[in-house]
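Let's take a friendly look at a structure together. Have the sequence and the 3D view ready as you read.

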Amino acid sequence: VSATDHPGERRWPVLLVRALTLRCPNCGGRPIIRGWLHLADQCPRCGLRPQRGESDYFIGAYLVNLIAIELLFAGGLVAAIVATWPSPPWALLQAAALVLTVGGAVFCYPFTKLVWLAFDLSLRPLTARELEWHRQGAPDDATDLPQR
Ligand SMILES: [Zn+2]
């Protein structure tokens, strides 16, 4: 396996840091997001299409988002109860939990999509052949699956 067979970063920490700083996990290029709730069609530097040609690709991103929100919720709840014990303000906590989970889901959205992409790239590294597909295809064409 030569370096050109996998034209991108494959080390998980590098991929993760790029995702968490809202850059292309593959090359570090930006902008890879369009607004807060949409990914760019392609990375402006390496040409990677964040969807990787799979229509159900971001089900994994929803899982990452759910986990992030649950951790945020559980951590915030425990911290608030411990800080206000023995008489936690239950009504306030209930309202805060709602704001935290809904707001947290929106806040985490682009991060979780890119973290999932980074995770996927670490497990299934980009091949030269797939990258060629990313660079040549029409940006909105998600039906023409790349050959791996
Ligand atoms: Zn890139």
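This briefing covers a helix and then a metal site.

This is a predicted model, in which local features need pLDDT of at least 70 and side-chain atom pairs count only at pLDDT 80 or more, while totals for chains, interfaces and linings use all residues. Residues are numbered from 1 along each chain as its sequence is written, and side-chain values use heavy atoms, leaving out hydrogens and water.

**Helix H1**

- Helices (H or I, at least four residues) and strands (E, at least two) are DSSP runs, numbered from the N terminus.
- In helix H1 (residues 12-20), Leu15, Arg18 and Ala19 are the buried residues; buried means under 20% relative accessible area, with a 1.4 Å probe and protein chains only.
- These residues sit on the same side of H1, because they cover an arc of only 100 degrees around the axis, taken from the directions from the helix axis to the C-beta atoms.
- Helix H3 (90-123) is included in what covers them, where contact means heavy atoms within 4.5 Å.
- After H1 comes leucine 22, with a positive phi near 60 degrees.

**The zinc site**

- Cys24, Cys27, Cys43 and Cys46 each offer their SG atom to the zinc ion, lying 2.3 Å from it; donors are N, O and S atoms within 2.8 Å of the metal (3.2 Å for Na, K and Ca), and sites may look incomplete because water is not among the atoms.
- Cysteine 24 lies in the loop between H1 and strand E1 (33-34), and cysteine 46 in the loop between strand E2 (38-39) and helix H2 (59-84), so the pair ties together parts that are 22 residues apart in sequence.
- The four donor atoms subtend angles of 100 to 114 degrees around the zinc ion, which makes the arrangement tetrahedral (all angles between 85 and 135 degrees).
- Cysteine 24 is buried, at 0% relative accessible area, and cysteine 46 is buried too, at 6%.

Conventions. Buried < 20%, exposed > 50% of the residue type's maximum accessible area, 1.4 Å probe, protein only. Tetrahedral: all angles 85-135°; square planar, octahedral: opposite > 155°, others 65-115°.
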